[in-house]
Amino acid sequence: MSNSKVVYEGWMVRYGRRKIGRSFIHMRYFVLESRLLAYYKKKPQDNVVPTKTLLIDGNCRVEDRGLKNNHGHMVYVLSVYNKKEKYNRITMAAFNIQEALIWKEKIESVIDQHQESQATNGNKYLSFEYKSGVDNGRNASSSEHDSQFSAAEDEDDSHRNLLRRTTIGNAGPPESVYDWTKEFDSDLANQNSNNQAFSRKYWRLLQCQNGLRIFEELDEVDILPKGCSRAMKAVGVVEATCEEIFELIMGMDTTRCEWDCSFQYGSLVEEVDGHTAILYHRLQLDWFPMFVWPRDLCYVRYWRRNDDGSYVVLFRSREHENCGPQPGFVRAHIESGGYNISPLKPRNGRPRTQVQHLMQIDLKGWGLGYVSSFQQHCLLQMLNSVAGLREYYSQTDERPVAPRIPVMVNMTSVSSSSKRSKKLQSSSAHHRSPSLDQIHAANRNAVLMDEYTDEDEDLQADQEAMPSAFEVEDKRTGYEEESTYQIDLSIFSGNLRRDDHDKARNCWTLSNGNNFRVRSKRFCYDKSKIPAGKHIMDLVAVDWFKDTKRMDHVARRPGCAAQVASDKGLFSIVFNLQVPGSTHYSMVFYFVSKELVPGSLLQRFVDGDDEFRNSRLKLIPSVPKGSWIVRQSVGSTPCLLGKAVDCNYIRGPKYLEVDIDIGSSTVANGVLGLVIGVITTLVVDMAFLVQANSTDELPERLIGAVRVSHIELSSAIVPVLETDSSDSQNT
């Protein structure tokens, strides 16, 4: 081999399915040479043929499989495959997450280089129009076939100085687990002064204890769970790397007793996937232990690694058939909790990490569970684990070797596929207590906020929230293209009503474009962002549908806003957000304008091919009203929809419909899929836009933005979707 062409090489675990009679780890030597990934049974010499190879090109993806138990060892698993040949893949694993990250970044850099070399040929924009004879009205050019086995795709950005998304755990937390860390990252990235992580609107400093800042959540009383204390969090700095702290936190062995004074015992109930597990946990609380029964927990634990090197570990209680109430213990309930582990700049040559530990818990029990002093004392004891982490690492001058995550002892081995299917049948009638299959499905199709984003590390950390005079000029330049034609909104209607009052329920209204930050004219040079300002198109109607099957091509429905606009000579873009479940829901937004500016980015998006559309369609979500934990879960990080879920494009004579199948891929289920169970308590903002990548496309403009408030599932109606053969004659 020519070492000058070798990108990276080294020993890794050849990860595969467990084979009967095999109880040892298969170590293999992997080589990434030029664009060829190969593995050998031993360190290769000249003229040695590799056991298997995979050619890396722009269609390849690196899929994170998370933590897996491989013959008694916990390993970090990566799977490299070609998107067009999904069964041609190489699966590899590492004992250390740093090594897995190096391989992931090296392979992705080769993918990027190949995509850039292909991009030198220029973009080709092909026009695809609606054709009849396709099932459910789907366009033959749709990307439906790249769904079930599609791995994560990163934002296609031509600027190499932007950080590539390398989030591990990209499928998102299970539906029942709220990601309270999201708002921290998204607010800092978007520099919205009204939504800072420590905004007095959400938090107040309760006290300083053991070198920690203890915060209490300021929440709306009407949405605080009954019997549950307010969320509290401890924030401290630990002199260790994020990886060291993460691996220590993930352990449930006796080492945990050295830094967590509230821990007594822990075991694994069920491994759902590489990022999600069900755990049993006994607490060691010191509030009158002679008179108060001990507490235990059964909860879902989900983890991920973000692109900035931070780690997120989330908890939420749930029931499990193999982890019922234990004699002598009171089963406490975690409403939400976990750790946010973020890197800081080193000091005096030592690494520094900020650790946030949040917990919102109901300790249950007769009487004492509702005594505030009991709740707060025990909660502070649990939060003091951050101080325990700090002291654990500060009492040595040598950097301890990052421990491998120990394999937890299963609480029971009774679990089997037959019992799981039986459990699913018995739990299907309970809407408020989702089964493990639902958790697994939600994990496979979970939030897409943290992936496929253009947010960079510490983006805009020092930028003012208000735009400068130059930024205003940038936006004015974009406005010059806009038509002054006024659309008569009275001719449009949808079954979800519009109501502009702040306290209105089960309705929609326009969202102020300045609530969203988009790329400025100078983004290519300084990554600056500005308030989005006025929309390009007008939102004229919203439909809220339900059915027993997925609803595709709703714009063909006679009398809908898209058909009315077409009759008036107007052009429409229809976004159909499809939420899967036992009952399928669709929220349909109709954006209308008089005409598209020839040669504009929006016109190129409308008339482009699916590959171009998927690489540019962007969603910016936000939750201005709702429980704090849900706001954290959703955040406001932009995402490229076409690279996160299946987006099917139907080009009609005077409209483009985008069917966004939230439950389509392993990195799916999006905002609505996450919050559908509590949607009646939320106010959700969504902005749609086409991503701008070059100076001639900047600044970015919003297609439109909408706010939906306290939506009732029962208000959805079953649409009449009749096949309209006349569409095919008009194309």
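This is a short talk on charged and aromatic side-chain pairs in one protein model.

The model is predicted, so to be clear on filters: local features need pLDDT of at least 70, side-chain atom pairs count only at pLDDT 80 or more, and totals for chains, interfaces and linings use all residues. Residues are numbered from 1 along each chain as its sequence is written, and side-chain values use heavy atoms, with hydrogens and water left out.

First, the overall picture. The protein has 16 helices and 29 strands, taken as DSSP runs numbered from the N terminus (helices are H or I with at least four residues, strands are E with at least two). Of its 731 residues, 58% count as buried; buried means under 20% relative accessible area, exposed over 50%, and partly exposed in between, with a 1.4 Å probe and protein chains only. The exposed surface is about 31,100 Å², and carbon and sulfur atoms supply 49% of it. Those areas come from the Shrake-Rupley method with a 1.4 Å probe, and for residues only the protein chains shown count as cover. Among contacts with a separation of 6 or more, residues 24 or more positions apart account for 70%, a contact being heavy atoms within 4.5 Å.

Now the charges. Side chains of opposite charge can pair when their charged atoms come close. A salt bridge here is a side-chain nitrogen of Lys or Arg within 4 Å of a carboxyl oxygen of Asp or Glu, and the count is 25.

Which residue forms a salt bridge with Asp-543? Arg-557 does, with the closest N and O atoms 2.8 Å apart. This pair links distant parts of the chain, 14 residues apart: Asp-543 is in strand E21 (residues 538-547), and Arg-557 is in the loop between E21 and helix H10 (561-567). Asp-543 is buried at 2% relative accessible area, and Arg-557 is buried at 17%.

Compare the setting of Arg-498 and Asp-500, whose closest N and O atoms are 3.2 Å apart in their salt bridge. Arg-498 is partly exposed at 37%, and Asp-500 is partly exposed at 48%. There is also a network of salt bridges that links Glu-63, Arg-65 and Arg-89. Arg-89 also lies over the face of Tyr-81, 4.5 Å from the ring centre; the rule is NZ of Lys or CZ of Arg within 6 Å of the ring centre and within 35 degrees of the ring normal.

Next, the rings. Rings of Phe, Tyr and Trp (its six-membered ring) pair if their centres lie within 6.5 Å, with planes under 30 degrees apart called stacked, over 60 edge-to-face and the rest tilted. The count is 16 aromatic pairs. Trp-203 and Phe-215 have ring centres 6.5 Å apart and planes at 80°, so they are edge-to-face. Trp-203 lies in strand E8 (residues 203-209) and Phe-215 in strand E9 (residues 212-217), so the pair ties together parts twelve residues apart in sequence. Both are buried. Phe-215 has a further partner: the charged end of Lys-233 sits over its ring, 5.5 Å from the centre.

Back in strand E21, Trp-544 pairs with Tyr-585 of strand E23 (residues 584-593), so parts 41 residues apart in sequence are tied together. That pair is stacked, at 5.2 Å centre to centre and 20° between the planes. Trp-544 and Tyr-585 are buried.

Finally, ring pairs link Tyr-76, Phe-246, Trp-303 and Tyr-311 into a cluster.
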